[in-house]
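Me: I should like to learn how to read the features of a structural model, step by step. Where should one begin?

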Amino acid sequence: MTVKTTKAFAPASIGNVSLGFDLLGAALHPIDGTTLGDWVSVSDADEFSLSVDGQFADRLPPGTENNIVTKCYAYFQSSLSSSGHAPLKVKMHLHKTLPIGSGLGSSASSIVAAFHAMNEHAGKPFSENTLLVMMGELEGQISGSVHYDNVAPSYIGGLVLMTGEDSPIAAKLPCFENWYWLVCYSGISVSTAEARRLLPKQYTLSDTLDFGRQLSVFVHSLYAKNEVLAAKMMTDVIAEQHRKVLLPRFDDAREACMRSNALAFGISGSGPTVFAVARELEDAKNMQAWLEKEYIQNDDGFSHICKLDIEGAILIS
Ligand SMILES: Nc1ncnc2c1ncn2[C@@H]1O[C@H](COP(=O)(O)OP(=O)(O)O)[C@@H](O)[C@H]1O
Ligand SMILES: N[C@@H](CCOP(=O)(O)O)C(=O)O
C-alpha cells in the first residue's frame, strides 16, 4: 500500500515593514535561488508523531509537544471535529531552516507550512481565509498576541495588508518589482513576545497621526506607482525606537545602508534581522558587504538579497 504524503514550503517574511506595525508584511524570495523558509510534510499514519531536522532543529524547544507544529496539528484536529469532518490520521515532519527568534517570521513559516500541508492532505476542508484565522491564532499563542503580518504574506505571498476584518483578513498590495529587499540576520535571538512587552501601551497624538498618514500615503503611492513617495513613508514611529536597544550596531547599519543609497532601512519584525530596500543590485551588494562584515555577530548570521515572493506557500510533489 502506498503511503500518501503532502509536503508544503512557506517562505520567510518581514513583519511590519517599518511603517505598518502588525498590519503590513512581505514574503521573501532570495534572488540566488536559496529556499529561505520551513518545510512541513504530512504522511498517512495510524498515530501522530513529529520528526524534525534542518540547520536550526537543535535550537527548538526540546520535546515535540512544545513544537508549534504539534500545536497546529491539535488545533487542526479540533477544527475538523467541530466542523463535522473526519479526523486526520497522519505523522508530520518539519525541516527547520529559519533561525528561531530571528525576525524572519520563523514560527509563522512553520505554522503556515503545517496548515497548508494538512489542509491539502485532508482534501481542503477549510478555505484560505479560515486557514489564515487558524494560523493567526497559533502565531498568537507564541508571541502573546494575534498578529497576521508574518503568517499572511508567508501564506498568500507578496506585500500584504491586514484588514482587521474577519473576511478578508488580508489583502495583497501591488509593489515595485524593481525593488531589492536585503535582509541580514545578525545571529542572535530576540523573542517576539519580549520585544512586544518593550512597547508602550499608549502613543502620543503626533506619533498616531504620523502612523496613519504614513500607512495611507504608502498604500496610495503603491497604486500611484510613485516609488519615491512610497519609500519616504517607510519609517517606524511605533517600535524601532523602543526595540533598537536589543540590536547592537543598528544605527551604524542604518547609516551604512543609507550611504549606499538605501530607499528604506528598518527592523524586520521584532529583529534582530534588519532589512534595506535598494533600487540597484549594485547598491544592495554594497550594503550586504557592510552588514556581513559589521552587523553579523556569530556563525549563525547570514544575509540574502531578495525579491518579494509573490507565490507564498507552495505544495511540493
Ligand atoms: N517550529 C517552530 N519554529 C519556530 N519557533 C518555534 C517552533 N516551535 C516552537 N517554537 C518556539 O516559539 C518561539 C518563537 O519565538 P519568536 O520570538 O516568535 O520567533 P520568530 O520571531 O522567529 O517567529 C520560541 O520560543 C521557539 O522555541
Ligand atoms: N508585528 C510583529 C512581527 C514579529 O515578527 P517576528 O518575525 O519577529 O516574529 C511584531 O513586531 O511584534
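**Domains, ligands and a helix pair**

Reply: One may begin with the division into domains. In this predicted model, the protein is divided into domain 1 (5–174 + 310–316) and domain 2 (180–307). The centres of domain 1 and domain 2, taken over C-alpha atoms, are separated by 23 Å.

Me: How many residues does the contact take from domain 1 and from domain 2?

Reply: The contact takes 30 residues from domain 1 and 36 residues from domain 2. On the side of domain 1 that touches domain 2, strand 2 (13–15) and strand 3 (24–30) each supply at least two residues. Strand 3 gives the largest share of that side, 4 residues. By class, the side of domain 1 that touches domain 2 has 16 nonpolar, 14 polar and no charged residues.

Me: Where does ligand 2 lie with respect to domain 1 and domain 2?

Reply: The domains that contribute to the shell are the guide here. Ligand 2 lies between domain 1 and domain 2, because both give residues to its shell. Among the 16 residues around ligand 2, those that come nearest are G15, G103, T192, G269 and S270. Helix 5 (residues 192–197) gives the most to this shell, with 3 residues. The shell around ligand 2 comprises 4 nonpolar, 9 polar and 3 charged residues.

Me: Which residues come nearest to ligand 1?

Reply: There are 20 residues around ligand 1, and I68, S106, S107, S110 and T192 come nearest. T192 is thus listed among the nearest residues for ligand 1 and also for ligand 2. Domain 1 and domain 2 each provide at least three residues of the shell around ligand 1. At least two residues come from each of helix 1 (68–82), helix 2 (106–121) and helix 3 (128–143), and helix 2 gives the largest share, 4 residues. The shell around ligand 1 has 8 nonpolar, 12 polar and no charged residues.

Me: Finally, how should one read a pair of helices, and at roughly what angle do the axes of helix 9 and helix 10 cross?

Reply: One reads the distance and angle of the axes, then the residues that meet. The axes of helix 9 (residues 250–259) and helix 10 (residues 281–294) come within 9 Å and cross at roughly 160 degrees. That angle makes helix 9 roughly antiparallel to helix 10, since angles over 145 degrees count as such. The crossing of helix 9 with helix 10 is right-handed. D252, A253, A256 and C257 in helix 9 meet M287, W290, L291 and E294 in helix 10. This contact has 6 nonpolar, no polar and 2 charged residues.

Notes: Residues are numbered from 1 along each chain as its sequence is written. Chains are lettered from A and ligands numbered from 1 in the order in which they are written. This is a predicted model: local features need pLDDT of at least 70, side-chain atom pairs count only at pLDDT 80 or more; totals for chains, interfaces and linings use all residues. Axes are lines fitted to C-alpha atoms, for helices over the stretch in contact, and angles run from 0 to 180 degrees between N-to-C directions. Angles under 35 degrees count as roughly parallel, over 145 as roughly antiparallel, 65 to 115 as roughly perpendicular and the rest as oblique. A crossing is left-handed if the near helix is turned anticlockwise from the far one by less than a right angle, and right-handed if clockwise. Two residues are in contact if their C-beta atoms, placed from the backbone, lie within 7 Å. Ala, Val, Leu, Ile, Met, Phe, Trp, Tyr, Cys and Pro count as nonpolar, Asp, Glu, Lys and Arg as charged, and the others, Gly among them, as polar. A residue is near a molecule or strand if its C-beta atom, placed from the backbone, lies within 6 Å of it. Domain bounds come from an automatic or database domain assignment.
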